[in-house]
Amino acid sequence: TDAYADESDSDLESDDLFLDLRGTRRWERGSTGLRAYLSRESILYSELVAAEPLDPNVEDPVAVDTGRLVQLDEDRDRITLAPYVNLQISERSSVVIDARYLDISYTGDSTSGRSDFTDTLFSTGIERQIDDRNSATARLIFSTFEADANSNITDTIGVEGSFAREVSDVWTFLLTTGLRRSDISFIDPQQQLVEDVDTNFALSLGFRKRTDRSTLNLDVQRLIDPNSSGFLEQRDEFRISVRRQMSPTLTGGVAFRVIDSSTLGDVRG
């Protein structure tokens, strides 16, 4: 809850609600799990992407922002459901099946430049522990993005490979790269149907340092993510985050994030 004494600042007040659930069930030859994230959050905060990861040991949920700080009394409702299944097929190899359902809606009208949308993703692949220090994953991805404001329907298929290596006792190297092809169909401002095809690559290059007293995350990424502007978004970013325990009761941190984004497809139609 954020509250202000002056009536003139009432647009900045908000009552935000969050519910984050995670569960995992393991058995001898595999595991299954679900993450559910529900929220109602003020536009004032949901449109500002944090520089620091929510948890240095856990990946961020999909960032959804348009950068438009207008109609500050508007709220964003978010539903994320992400189940997965991991089935061990040999001593070092597993089949991984996961899915993600993302539903974003806004309490205001379309004049804010934001659109309600849903994004559904399904992937399947093979994960292999090469040796004690190296692991790799290859997967096939299918997704469908649907935005209300411009009747956008974007179907995407992609392939992706990941590699992780423990360089030392404290350093880990991470690399993910792949190709994605998106078939895009939407209604432009002149009410004309526009169809386009976009082929792009995804990349995530990262380093992690973990010691008893400090953590460091360093990432260079190109992500293809859904966006409330009504289109999928190409997001190029650089991010560094450092946290250090300076005493048993005091921990400090600093983070820096630079983002350059553009929409997929011929949005000028």
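Which residue forms a salt bridge with Glu233, and how far apart are the closest N and O atoms? In this predicted model, the partner of Glu233 is Arg235, and the closest N and O atoms of the two residues are 3.0 Å apart.

## Charged pairs

Side chains of opposite charge can pair when their charged atoms come close. In this structure the count comes to 15 salt bridges, and the pair of Glu233 and Arg235 introduced above is one for which the accessibility of each partner can be given. Glu233 has a relative accessible area of 7% and is therefore buried, while Arg235, at 1% relative accessibility, counts as buried as well.

Another salt bridge brings together the side chains of Arg257 and Glu237, with a distance of 3.3 Å from N to O. This pair links distant parts of the chain, since Arg257 belongs to strand S12 and Glu237 to strand S11, with their positions 20 residues apart in the sequence. Arg257 is buried, and Glu237 is buried too.

## A network around Arg180

Arg180 forms a salt bridge with Glu160, in which the closest N and O atoms are 3.2 Å apart. Here, too, distant parts of the chain are linked, for Arg180 lies in strand S8 and Glu160 in strand S7, 20 residues apart. Both of these residues, Arg180 and Glu160, are buried.

The pair is also part of a wider arrangement, as Asp98, Arg139, Glu160 and Arg180 are linked in a network of salt bridges.

## Two serines in strands

Ser182 is found in strand S8, which covers residues 171–187. With a relative accessible area of 1%, under the 20% cut-off, Ser182 is classed as buried. Its side chain is joined to that of Thr156 by a polar contact of 2.8 Å. When its neighbours within four places in sequence are left aside, Ser182 is in contact with Thr154, Asp155, Thr156, Asp196, Val197, Asp198, Leu232 and Leu264.

Ser241 is found in strand S11, made up of residues 232–247. A relative accessible area of 6% means that Ser241 is buried. The C-alpha atom of Ser241 is separated by 28 Å from that of Asp98, a residue 143 positions away along the chain.

## A hairpin of strands S1 and S2

Strand S1 (residues 17–27) and strand S2 (residues 30–42) run antiparallel and are joined by 11 bridges. The two strands, S1 and S2, form a hairpin with 2 residues between them. Within this pairing, Leu21 stands opposite Ala36, which belongs to S2.

## A nonpolar patch on the surface

Which residues make the nonpolar surface patch of about 700 Å²? The patch is made by Val167, Trp171, Leu175, Leu205, Phe207, Val220, Phe238, Phe256 and Val258. At least two residues of this nonpolar patch are supplied by each of S8, strand S9 (193–210) and strand S12 (250–263).

One of the residues of the patch is Val167, which lies in the loop between strand S7 (152–166) and S8. Val167 has a relative accessible area of 48% and so counts as partly exposed, because exposed residues are those over 50% and buried residues those under 20%.

Terms used
Residues numbered from 1 in each chain as written. Predicted model: local features only at pLDDT ≥ 70, side-chain atom pairs only at ≥ 80, totals over all residues. Heavy atoms only, no water. Helix = DSSP H or I, 4+ residues; strand = E, 2+ residues; numbered from the N terminus. Buried < 20%, exposed > 50% of the residue type's maximum accessible area, 1.4 Å probe, protein only. Polar contact = N/O pair within 3.5 Å; in protein donor to acceptor, adjacent residues only side chain to side chain. Contact = heavy atoms within 4.5 Å. Pairing = 2+ DSSP bridges. Patch = residues over 30% accessible without salt bridge, like charges linked within 9 Å, V, L, I, M, F, W, Y side chains within 5 Å. Areas by Shrake-Rupley, 256 points an atom, 1.4 Å probe, with all protein chains shown as cover. Salt bridge = Lys/Arg side-chain N within 4 Å of Asp/Glu carboxyl O.
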